[in-house]
Amino acid sequence: MPPEHNAGAEHMLVSMLRPLAERGHDVTVWLSRYGKAHESYEYRGIKVVPLQARLDFPSAVRRADVLVSHLECVPSTAALARGYGKPLVVVCHNTHRLTFRDMAAGGTALAVYNSRWMATEAELFFAEYPKAVCPASSLIVNPPVFAEEYRVKKPGDHVTLINCNPEKGAGFWSSSPAVCRTSPFSR
């Protein structure tokens, strides 16, 4: 979780949870990996509980209305959701088979995909499974972008866009292929 862990999936999750917190929902993220933080903290209106805080996660689950999970935490969160009778929402950040397989094992009430492409890939994956193990519902939420937070303080003459493609707005930046290059490390 930011500010310590600054990967794209975590920032996407934050941008999706912030509006819930701003609307008055009690949003708490429980970290599943050890990090530098030892005490709970707030990040952009979201309460964050580090693993080192050693607080009672099962009691928090018991009080929760819904559990939201992503990435490698889906299987364990799904088990808790089933055990405590809580609906499970899975936020999907990629089309790795493991992402979809974890949902099939977990009784997902709602799958949240970040693009139509991802929703289509999930539909193809779940076509091989009985309806009973497929997510009960799904929706597409393109990650919100809070433009003011990305505005540079000192404008320059270059912009970096990782994994240039039309879905990320590469055409908006430039129609010249020389300006928009895809990294050899991108998928």
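A residue counts as buried when its relative accessible area is under 20%. Phe126 has a relative accessible area of 8% and is therefore buried. This briefing concerns a predicted model, and Phe126, which is placed in helix 5, serves as its point of entry. The chain holds seven helices and seven strands, and buried residues make up 35% of its 187 residues.

**Overall architecture**

- Read from the N terminus, the elements follow the order α-β-β-β-α-β-α-β-α-β-α-β-α-α.
- Among the contacts in the chain with a separation of 6 or more, 44% are between residues 24 or more positions apart.

**Phe126 and its surroundings**

- Leaving aside residues up to four places away in sequence, Phe126 touches Phe100, Met103, Ala104, Tyr113, Val133, Cys134 and Pro135.
- Phe126 and Phe100 lie 26 residues apart in sequence, while their C-alpha atoms are 7.8 Å apart in space.
- Cys134, one of the residues that Phe126 touches, has a relative accessible area of 18% and is buried because this value is under 20%.

**The two faces of helix 5**

- Helix 5 spans residues 116–126, and its buried residues are Met118, Ala119, Ala122, Phe125 and Phe126.
- These buried residues lie on the same side of helix 5 because they cover an arc of only 120° around the axis.
- Exposed residues are found on the other side of helix 5, namely Arg116, Trp117, Glu123 and Leu124.

**Nonpolar cores**

- In soluble globular proteins, nonpolar side chains tend to be buried together.
- The largest nonpolar core has 20 residues, of which Phe100, Met103, Tyr113 and Phe126 touch the most other members.
- Two or more residues of this core come from each of helix 3 (74–84), strand 5 (88–92), helix 4 (97–106), strand 6 (110–113) and helix 5.
- The greatest contribution to this core is that of helix 5, which supplies five residues.
- Another core lies apart from this one and has 15 residues, including Met1, Leu13, Val27 and Val91.

**Strands 5, 6 and 7**

- Strand 5 and strand 6 run parallel and are joined by four bridges; Val89 has Leu110 in strand 6 as its bridge partner.
- Strand 6 and strand 7 (residues 137–140) also run parallel, with four bridges between them.
- Leu110 has Ser137 in strand 7 as its bridge partner, and Tyr113 stands opposite Ile140 in strand 7.
- From strand 6 the chain passes through helix 5 to strand 7, forming a right-handed β-α-β crossover.
- Leu110 thus appears in both pairings, as the partner of Val89 and as the partner of Ser137.

**Helix 3 and the residue after it**

- The buried residues Val74, Thr77, Ala78 and Ala81 belong to helix 3.
- Their arc around the axis is only 105°, which means that they are on the same side of helix 3.
- Gly85 follows helix 3 and has a positive phi, near 65°.

**Cysteines**

- Cys92 has a relative accessible area of 0% and is buried.
- The number of disulfides is zero, taking a disulfide as a pair of cysteine sulfur atoms within 2.5 Å.

**Backbone features to inspect**

- The peptide bond from Pro2 to Pro3 is cis, with omega near 5°; Pro3 is placed in the segment before helix 1 (8–22).
- Arg44 is not a glycine, yet its phi is positive, at about 55°.
- Arg44 is placed in the loop between strand 2 (41–43) and strand 3 (46–49), and its relative accessibility of 40% makes it partly exposed.
- Arg54, also a residue other than glycine, has a positive phi near 55°.
- The loop between strand 3 and helix 2 (57–63) contains Arg54, which is exposed because its relative accessible area of 65% is over 50%.

Notes:
Residues numbered from 1 in each chain as written. Predicted model: local features only at pLDDT ≥ 70, side-chain atom pairs only at ≥ 80, totals over all residues. Heavy atoms only, no water. Buried < 20%, exposed > 50% of the residue type's maximum accessible area, 1.4 Å probe, protein only. Arc of directions from axis to C-beta. Core = buried A, V, L, I, M, F, W, Y, C linked by side-chain atoms within 4.5 Å. Contact = heavy atoms within 4.5 Å. Pairing = 2+ DSSP bridges. Right-handed = clockwise from strand over helix to strand, strands pointing away.
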